[in-house]
Amino acid sequence: MSEQSAHRALGLTDQEFELICGKMGREPNGVELAMFSLLWSEHCAYKHSRKLLKNLPTEGPRVVMGPGENAGAVDIGNGYSIAFKVESHNHPSAVEPFQGAATGVGGILRDVIALGARPIAILDSLRFGEPDTERTHYLVDGVVRGIGHYGNCMGIPTVGGEIYFEPPYEQNPLVNAMCVGIARTDEMVRAAAAGTGNKVVLFGSLTGRDGIGGASVLASAELDEGDDAKRPTVQIGDPFEESKLLECCQELLAGDLLVSLQDLGAAGLTSSAGEMASAGGTGIDIDVGLVPLREADMEPFEIMVSESQERMLAVVEPGKVDAVLALCAKWQTRSAVIGEITDTGTFRILRNGDTAGEIEVEDLVDGCPLYDLDPEEPADWTYPNRESIEPDASPSDIALSLLAAPSIASKRWAFEQYDSVVGSRTVHRAGAADAAVLSIPESGRAIAVAIDGNGRRVACDPYQGTVEATLECASNLAVVGAEPLGVTNCLNFGNPEKPGVAWQLGRAIDGLAEACRALEAPVVGGNVSLYNETPQGPIYPTPVVGMVGELPDPGNVAGGNWREGDSIALVGPFDPSLAGSELEKQRGQLGKGLPEVEIAPVRAAIELVRDAVRGGVVRTATDVSDGGITTALAELAISSGVGCEADLAPIIARRSDNPEDALFGEGPGGFILAGDMAELEKLGGQGVDIELIGEVTGNEIIITANGNRVEILVEEAEAAFDSLEDRIESDQAGLTH
Amino acid sequence: MIWGVLQFPGSCDERDALNACLIAERSLNSRDGTGGALSSTRNVVEDPTDPVFESSEQSGVGHGADDVSGRGGGLSDSAPSSRLVWHEETDLSGLDGIVVPGGFSYGDYLRAGAIARFSPAMTSVARFAADGGPVLGICNGFQVLCESGLLPGALLTNERTRFICRQGDLVVGEADSPFLAGYEAGQTISVPFKHQSGRFFAPPELLEQIEADNQVAFRYASGQNPNGSLNDIAGVTNEAGNVLGLMPHPEHAVEAFSGSTDGLALFQGPALATAGAGA
């Protein structure tokens with residue numbers, strides 16, 4: 001293969017190859033070309049999204065580390081910070097779900113570990129096709145096991161997450177993992193290399209041939225037929241190795257033995273060493289002959305781009321090298337000095353002392369051209385949508401059909417495969433509340449974490465849908481009494497070189513920026529995953545928003561249950577509409593557009609609910625989300641084992657003249673609060689709409705909306721809500737890990 | 001009551017177990033009727049690298065980083081306190097009880113507990129147990145104790161082959177063990193169940209003997225057996241009663257915010273038993 005076609009096979013365009021030759025003054029050799037192809041890939045260089053991301057608000061009084069570091073971090077007081085980030089591992093999971101998901105968790109944990117933080121929680125945002133195909137069963141089974149395998153074995157609790165099932169994810173599932181960690185603010189480490197003559201130490205797993213080209217071949221191209229052949233580009237996870245690596249890093253940092261620390265993720269040594277040198281303005285020499293190998297005959301380019309997991313790279317002063325190697329030995333972690341920091345500005349690859357490649361750090365890390373997109377709004381709805389509910393279904397039938405909808409139904413069968421309590425911080429577990437709550441004795445307070453992103457609504461309106469995802473996260477925090485501190489996000493989209501996808505991406509980022517500004521919640525980090533596309537078309541545009549918030553007292557979180565005799569109130573400017581709703585999906589009537597929403601009144605409602613929960617005046621609070629008011633009431637009835645009687649006439653009168661909208665419509669800005677009537681009435685008069693709509697009673701869920709009436713037994717509702725497990729039971733069961 | 005909590009490469013729950021030991025220790029030291037306010041006894045942690053070690057009130061607890069050679073504790077003037085015991089450490093002097101904690105020692109890649117049982121510390125734990133010292137094995141620690149032959153039976157992969165994690169109820173058994181001094185036989189307690197290989201198994205003869213000798217410490221409450229354990233057994237003791245292993249996680253049920261403090265009495269048991277015997 002000539003160099004001319006070699007660069008194309010590695011994912012570089014002819015123009016990019018010419019640019020590289022121009023910068024180098026010659027054609028790159030094999031090692032150099034492999035390194036450029038990875039760091040100039042979409043996955044590493046963000047070449048199609050970086051310009052748009054500049055619009056996001058990234059500053060705030062609590063921000064300690066923002067975008068550009070391994071993870072973002074916010075101050076929680078008393079000398080501590082919370083570090084967090086969400087990242088995708090979509091294409092590896094499409095090709096090999098168990099290892100793809102496991103290494104996705106392993107990778108995001110290392111990002112937080114590299115900051116000097118101890119991970120304290122994992123959340124996952126997953127997307128699959130409809131749950132009735134063999135492929136979906138296979139993917140769900142592997143992904144859920146993979147997440148559990150890694151997180152459980154590491155001893156990091158998986159405390160929350162969400163799973164949606166929609167046709168456009170059938171071939172291209174999404175696996176986004178978020179990690180939250182805690183660190184002493186003054187001991188957090190940055191990734192910048194420093195100090196000419198300092199040594200570069202690689203520690204952790206052996207370097208093998210796994211994951212070669214993962215970032216360029218898998219993550220930066222569309223999926224298509226024959227992807228089974230790409231299975232060798234998926235890495236294999238070893239959580240035991242990472243568990244030792246975590247403890248080892250914590251002791252290395254506590255002993256003040258490191259100048260800087262970086263994890264090896266996508267593009268392996270090339271990316272971590274290159275980015276360390278770039279951030280520090282230094283040069284770096286790496287001798288591949290010193291790298292401990294799994295297979296002896298690896299070529300220099302393979303060593304430089306291997307994505308073998310569970311490896312870290314540290315810069316160490318020469319006098320501390322022995323102490324570092326001794327601590328690694330204590331933790332039975334392999335370690336080796338593989339290079340040195342220089343003042344040349346050059347990334348030099350040596351093999352047993354002989355130069356094998358030489359690239360200017362700046363050309364490699366910052367030289368990739370950034371592209372403007374060519375957006376164009378599609379004229380029509382472009383996604384498949386089939387009718388799946390009887391046209392003449394009664395309101396009660398619709399209510400049951402919504403509760404059984406795979407995206408709404410209980411995911412307990414999945415969450416129970418995750419250790420949610422290790423670490424002794426978990427106040428609210430996955431599924432027990434809209435947001436997970438973790439006790440933080442270090443600050444004497446607690447944090448709440450939520451993750452959300454309804455791709456269907458974003459497909460209807462990328463701007464509005466992304467605003468809603470952000471408001472949904474803030475609402476999830478509010479119902480446990482927390483206020484937002486910072487935001488992370490993972491932007492999962494199709495091929496940005498296509499005008500329709502480019503338009504979705506731009507509009508979604510605009511929405512995210514607008515909502516974060518309005519909530520004063522800075523974006524401190526994130527990840528972009530493009531080319532989520534198969535010959536059947538792109539995925540729903542899916543910005544996944546992760547939010548970390550703070551609450552004063554872990555002992556004072558509203559419970560998830562209401563009690564017989566409680567009054568029920570609807571709070572907020574909620575204006576329900578069937579546009580983009582679960583019911584519209586089931587009727588096969590999805591189309592473009594969502595109603596516009598003003599953010600300020602929603603924020604006011606969020607703050608009122610947060611304060612009411614903090615004040616202990618409500619028994620339970622939840623936000624109205626997928627499936628509308630009926631679904632929200634039914635879910636509370638199911639978890640509490642007590643029914644309710646509600647009348648939505650006041651909402652119809654005020655908001656909408658359509659009873660069906662009131663029963664099943666969706667949209668932001670609605671909260672259900674239950675508790676003592678006098679206490680709920682006191683929440684009025686603060687400029688936020690409050691309607692008393694009913695009371696908690698009996699063993700039936702009875703909701704009237706003018707002529708329409710939902711009347712179902714709590715146990716019927718529960719059976720529908722719990723029906724997903726049987727549908728999803730894998731045909732592949734038996735593969736144990 | 002000074003506990004040593006074993007730490008193997010790959011352990012997960014050792015800090016949680018140590019946290020439970022420290023809370024039990026403090027609650028017993030200040031036993032003045034404030035037993036209900038357990039969550040407020042938890043110290044503010046000053047170093048996330050060691051969520052319980054470097055608290056100012058607990059100096060003297062072994063710090064992992066100072067512990068490379070297996071030395072721990074006794075580093076300051078204050079009284080010794082419960083601490084982690086590195087797997088290469090063999091000197092257990094000064095410890096009143098041992099916890100073998102949960103997690104995935106050595107990744108459980110071979111068979112749960114099969115490698116950890118060969119650690120130098122376990123040789124000392126076997127001697128400690130033979131001398132009558134209280135030894136508690138939780139989850140992976142239970143598996144390690146069974147692998148070591150310190151407890152009868154074996155733990156097999158769950159019937160459904162999947163990891164499960166849920167809050168559930170246990171019924172306290174009739175076993176005569178110092179660990180159960182804080183419970184009544186027949187009492188129901190709420191603790192998290194979480195494991196992948198928790199199905200208790202013993203050959204018929206051994207099972208009969210375990211039952212006949214009243215060695216069952218805990219059973220899953222009716223209808224809540226999560227893994228197919230024989231006779232709903234969740235925990236057993238050795239014949240002498242000083243070694244107890246259980247699959248569920250009492251160390252995650254010691255603070256009010258978690259929803260249950262039912263696990264705390266297990267960590268108070270040996271001290272209560274000693275006090276009871278002395279009185």
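# Briefing: an enclosed cavity and the contact between chains A and B

Helix H18 of chain A, which spans residues 462-478, contributes six residues to the lining of the second largest cavity, and no element gives more to that lining. The model described here is predicted, and the points below cover this cavity, the interface between chain A and chain B, and the salt bridges. In the structure as a whole there are nine cavities of 30 Å³ or more and 50 salt bridges over all chains.

**The second largest cavity**

- The space within the second largest cavity comes to about 210 Å³, and 20 residues make up its lining.
- Nearest the centre of this cavity lie A:Arg457, A:Glu468, A:Glu472, A:Ser625 and A:Gly667.
- Sorted by class, the lining of the second largest cavity consists of seven charged, seven polar and six nonpolar residues.

**Extent of the interface between chain A and chain B**

- The size of an interface is often expressed as the accessible area that is lost when the parts come together.
- For chain A and chain B the buried area is about 3,700 Å², with carbon and sulfur atoms giving 52% of it.
- Of the area that chain A buries against chain B, 16% is supplied by A:Lys330, A:Glu416 and A:Ser424, which is more than any other three residues supply.
- In terms of residues, the contact takes 45 from chain A and 43 from chain B.

**Polar and charged pairs across the interface**

- Between chain A and chain B, eleven residue pairs are in polar contact, counting pairs in which both residues have pLDDT 80 or more.
- On the side of chain A that touches chain B, the elements giving two or more residues are helix H8 (134-154), strand S6 (174-184), helix H10 (239-254) and strand S14 (426-428).
- H10(A) gives the most to this side of chain A, with eight residues.
- The class composition of the side of chain A that touches chain B is 16 charged, 15 nonpolar and 14 polar residues.
- Five salt bridges are found across the interface of chain A and chain B, and A:Glu247 forms a salt bridge with B:Arg15 in which the closest N and O atoms are 3.2 Å apart.

**A salt bridge within chain A**

- A:Asp111 and A:Lys85 join their side chains in a salt bridge, with an N to O distance of 3.9 Å.
- This pair links distant parts of the chain, given that A:Asp111 belongs to helix H7 (residues 97-114) of chain A and A:Lys85 to strand S3 (residues 80-88) of chain A, with their positions 26 residues apart in the sense of being 26 residues apart.

Methods:
Residues are numbered from 1 along each chain as its sequence is written. Chains are lettered from A and ligands numbered from 1 in the order in which they are written. This is a predicted model: local features need pLDDT of at least 70, side-chain atom pairs count only at pLDDT 80 or more; totals for chains, interfaces and linings use all residues. Side-chain values use heavy atoms; hydrogens and water are left out. Contact means heavy atoms within 4.5 Å. Buried area is the accessible area (1.4 Å probe) that two parts lose on being put together, summed over both. A salt bridge is a side-chain nitrogen of Lys or Arg within 4 Å of a carboxyl oxygen of Asp or Glu. A polar contact is a pair of N or O atoms within 3.5 Å; within protein, one must be able to donate a hydrogen and the other to accept it, and residues adjacent in sequence count only if both atoms are side-chain atoms. Helices (H or I, at least four residues) and strands (E, at least two) are DSSP runs, numbered from the N terminus. Ala, Val, Leu, Ile, Met, Phe, Trp, Tyr, Cys and Pro count as nonpolar, Asp, Glu, Lys and Arg as charged, and the others, Gly among them, as polar. On a 1 Å grid over the protein atoms alone, a cavity is a set of points where a 1.4 Å probe fits but cannot get out, and a pocket is an open set with protein on both sides within 12 Å along at least five of seven lines; lining residues have an atom within 4 Å of a point. Grid points are joined across faces, edges and corners, and a volume is the space filled by probe spheres set on the points.
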